[in-house]
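Let's take a walk through a structure together. Keep the 3D view open and turn it around as you read.

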Amino acid sequence: MQFAFTEEQDMFRDTVRDLFADVCPPEAVRASWDNDDGRVPGLWDALAEMGVLAVLAPEEAGGLGMNEVDLVRILEEAGYAGVPEPLMEHAAVAVPALAQAGSAHLEAAIGGGSRYSVSLSTGGGAVLAAGSVDALVAEDDGLLVDVGRESYDVVPVESIDQSRRLARVELTGDPAGLSGADAALANDRAALGTAAQCIGVARRLLDATVEYVGERYQFGKPVGSYQAVKHHLANVRIANEFAAPLVYRAAWSVSHPETHDEGIRGRDVSMAKATASDAVDLACRAALQCHGAIGYTFEYDLQLWLKRGWALAASYGDARRHRDRVAAALQI
Amino acid sequence: MDLELAPRYVDFREECRNWLEANNPGRIASMDTAAGFEEHREWERVLFDGGWSVPGWPKAYGGRDCDLIEWLIYEEEYWLSGVPGRVSANGVSLLAPTIFNFGTQEQQDHFLPKMASGEHIWAQGWSEPEAGSDLAGIKTKAIRDGDHYVLNGQKTWCSRGAFADWIFCIVRTDPDAERHAGLTYLLVPADAPGMERRPIGRLDGEPGFAELFFDDCRVSVDNVLGEEGQGWAVAMAAAGSERGLNLRSPGRFMAAAERLTDLVRDMQAQDRTVDVRLRDEVTDAWIKAQAYRWQTYMLAANLMDGAEIGSEASLGKVFWSELDLELHATALRLLGDRGELVEGNDWLDGYVFALSGPIYAGTNEIQRNIIAERVLGLPRR
């Protein structure tokens with residue numbers, strides 16, 4: 001029992017964090033709201049170069065041979081930076097599915113040559129970046145298939161977070177089966193990856209708000225010196241403090257199938273997503289309230305994270321849905 | 001990261017479970033009655049004789065040198081087994097770490113074994129009528145007179161204070177110094193001449209705490225813990241323990257969460273409808289108990305790696321105290337109109353006790369201030 005990250009894991013996380021800060025600043029997130037493809041120029045290639053896309057691919061297939069414990073901390077940073085690319089879908093779901101199936105498309109996916117999103121039964125019927133990616137790992141009648149861009153049609157649907165370019169997808173061709181890849185596992189991976197991003201978004205909202213309330217003066221004092229404001233933000237900090245360990249714990253369960261069967265894994269993932277969804281919801285609410293009117297404007301960057309938070313809290317199952325799954329596991 | 005329990009921990013859990021099962025005395029009277037206090041002291045002695053009263057302490061003082069992981073496992077098994085609570089908790093959780101850190105060799109050799117065996121049960125004498133959340137406003141004076149201090153003043157809200165053998169106090173040894181300066185940590189025997197104690201009826205009617213009156217009460221200078229005048233620093237080391245994982249380990253709440261899900265299953269077995277919203281609240285509380293557990297394991301890994309708990313302890317204090325309330329309040333809502341009935345309803349006692357959690361050991365409002373100012377760095381004023 002050693003619930004701690006290694007120095008190497010911390011360093012990898014820090015390196016990716018620096019990349020996000022450099023290539024995906026708030027201006028880039030905002031630009032992704034109304035550019036052609038919702039993308040951040042240069043980011044995907046840099047992620048490929050750094051190996052982020054290959055974290056869950058085995059070494060013998062050219063990957064890093066790391067696991068979900070490594071990846072969730074990267075996804076946390078993606079949430080913090082507001083990365084609009086389908087990084088979670090690609091790196092946390094598609095890559096391990098392709099690897100599990102021994103697909104010939106894995107090499108391009110981890111090298112950055114092809115960009116995947118996913119269409120899963122728990123995904124709410126809309127697929128992130130479906131129009132701009134090269135292929136989908138899609139759930140079709142409970143089985144995973146690999147669908148090239150030429151084999152599906154898209155109908156764009158608008159998200160409250162317009163950097164999330166969503167579309168409904170209709171398969172038109174005869175997709176290639178990914179035999180050996182597990183659809184239930186893919187859905188759990190998506191929920192876990194989303195939970196990790198929720199933690200990161202919540203942390204970003206908290207940091208931005210702590211900064212703001214330290215600078216904004218009313219009645220001759222920073223508004224952050226008032227107890228009512230302090231307590232809102234303390235609550236956000238507490239919620240995140242106790243959500244993050246469940247995310248790491250779930251990552252451990254997902255990455256250790258030999259000791260965690262599907263039932264335990266699902267329970268752990270759902271505990272993580274339920275708690276992370278609630279944490280980011282609380283962060284959104286408190287951040288907006290503590291910013292006052294400025295936070296309610298379109299021009300101010302806070303809205304980028306508020307809307308990401310709302311979207312991700314619901315994506316791949318909201319808190320209530322995941323608690324239902326935990327309740328079923330508890331047989332209550 | 002490794003979240004599997006090594007075989008030696010699995011064996012340890014088994015050992016804890018077997019011992020507790022074999023030695024469970026069953027239900028005994030409330031520790032906040034005169035008779036129940038002594039019954040709980042006997043239970044402390046049983047624990048001590050089995051080597052389980054202070055498992056995290058060195059063997060020389062009656063412990064078994066458990067590491068933090070073993071201690072957390074022990075606590076999980078302890079609370080799950082349904083054995084009586086710990087009347088020694090204030091001493092073992094709050095004072096002992098301070099004695100280990102600041103006590104002289106003589107003090108350690110004298111006090112620790114007696115605390116481990118239950119011969120000395122300790123109460124905390126910190127709060128005063130005018131110094132609650134504002135603890136640095138302490139006024140009780142202790143003026144040096146030869147090899148004694150002469151105490152005058154009043155302490156209040158001393159948990160276990162009605163029946164305890166010893167009180168660990170913070171007193172003002174320099175009446176000219178203000179606030180955090182001039183305070184001293186002093187160990188006071190309950191039979192010290194010039195000290196009178198009056199039990200206070202708690203919300204449940206039991207004398208769960210007491211007020212203490214000092215009228216020229218003489219206490220030996222040998223009973224100072226740490227340096228004279230350093231009482232604040234000495235006390236805050238224990239306050240970290242109180243708020244942190246020492247006082248309220250996850251096992252307590254995990255056990256309550258299991259009982260809560262048992263309650264739902266019992267109702268379902270009797271074909272009584274469990275409202276879907278209540279089922280959701282039960283699940284939420286169960287998940288939070290797990291969140292507290294895993295956050296604590298992360299904290300333990302840090303501590304074993306040499307880190308110290310600072311203001312972060314406040315995060316846990318708010319979380320566990322509100323979790324405890326949520327667990328018990330949810331159970332009472334499940335019981336519906338039977339919730340008010342006392343007989344056979346442990347949830348009611350638990351609820352009344354849980355209500356004190358957000359108040360004692362520093363109110364949750366104070367904890368949130370600490371989190372905002374010292375963890376988040378918001379301006380004090």
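Before we look at any sheets, one bit of vocabulary: two strands pair if DSSP finds at least two bridges between them. Keep in mind, too, that this is a predicted model.

With that in hand, go to chain A and find β2(A) and strand β6 (residues 166–171). Two bridges join these strands, and they run antiparallel. One of the matched positions is easy to pick out: A:L128 has A:L166 in β6(A) as its bridge partner. Now widen the view. The strands β2-β6-β5 of chain A, in that order, make an open sheet of three with antiparallel pairing. At its edges sit β2 (127–128) and β5 (152–157), each of which pairs on one side only.

Chain A also has an open sheet of four strands, in the order β1-β3-β4-β7, and here the pairing is mixed. Which strands are at the edges of this one? They are β1 (116–119) and β7 (176–177) of chain A, since each of them pairs on one side only. Follow β1(A) to strand β3 (residues 135–140) and you'll find four bridges between them, with the two strands running parallel. A:S117 stands opposite A:L136 in β3(A). Here's a handy thing to remember while you look at sheets: in a regular strand, side chains alternate between the two faces of the sheet.

Hang on to A:L136, as that residue turns up again inside. The largest nonpolar core has 163 residues, and A:L136, A:V137, A:A186, A:L233, A:V247 and A:A283 are the members that touch the most others. Helix α7 (residues 183–215) of chain A brings the largest share, 18 residues. But this core draws on chain B as well, with at least three residues from each of domain 1 (7–87) and domain 3 (244–375) of that chain. For a close-up, click on A:V247. Setting aside neighbours within four places in sequence, A:V247 is in contact with A:V72, A:A195, A:A196, A:I199, A:A272 and A:A276. There is also a second, separate core of 56 residues, and B:M31, B:V92, B:A116 and B:F214 are among its members.

Time to zoom out to chain A as a whole. The chain has eleven helices and nine strands. How compact is chain A? Its radius of gyration is 19 Å, close to the 20 Å that the globule rule gives for 332 residues, so chain A is as compact as a globular protein of that length. The C-alpha trace spans about 65 × 45 × 40 Å along its principal axes. Of the 332 residues in chain A, 58% are buried. And if you take the contacts in chain A with a separation of 6 or more, 72% are between residues 24 or more positions apart.

Now for chain B, which has eleven helices and eight strands. A compact globule of 381 residues would have a radius of gyration near 21 Å, and chain B agrees with that, at 21 Å. Its C-alpha trace spans about 70 × 50 × 45 Å along the principal axes, and 46% of its 381 residues are buried. The domain assignment splits chain B into domain 1 (7–87), domain 2 (122–231) and domain 3 (244–375). The centres of domain 2 and domain 3 of chain B, taken over C-alpha atoms, are 31 Å apart.

Two spots in chain B are worth a stop. One is a hairpin: strand β2 (residues 141–145) and strand β3 (residues 148–159) of chain B pair in the antiparallel sense over five bridges. B:D145 has B:H148 in β3(B) as its bridge partner. Two residues lie between the strands of this hairpin, and B:G146 takes a positive phi near 70°.

The other spot is B:F111, in helix α5 (residues 105–117) of chain B. Is B:F111 buried or exposed? B:F111 counts as buried because it has 23 C-beta neighbours inside 10 Å, and the cut-off for being buried is 20 or more. Leaving out neighbours within four places in sequence, B:F111 is in contact with B:I99 and B:H120. B:F111 and B:Y61 are 50 residues apart in sequence, and their C-alpha atoms are 9.4 Å apart in space.

Finally, look at where the chains meet. Here 42 residues of chain B are in contact with 38 residues of chain A. On the chain B side, α7 (250–269), α8 (276–304), α9 (313–335) and α11 (364–375) each supply at least two residues. α8(B) gives the most, with 16 residues. By class, the side of chain B that touches chain A has 25 nonpolar, seven polar and ten charged residues.

Note on methods. Residues numbered from 1 in each chain as written. Chains lettered and ligands numbered in written order. Predicted model: local features only at pLDDT ≥ 70, side-chain atom pairs only at ≥ 80, totals over all residues. Domains from an automatic or database assignment. Contact = placed C-beta atoms within 7 Å. Nonpolar A, V, L, I, M, F, W, Y, C, P; charged D, E, K, R; others polar. Rg over C-alpha atoms; globule rule 2.2 N^0.38 Å. Buried ≥ 20, exposed ≤ 12 C-beta atoms within 10 Å, placed from the backbone. Core = buried A, V, L, I, M, F, W, Y, C linked by C-beta atoms within 7 Å.
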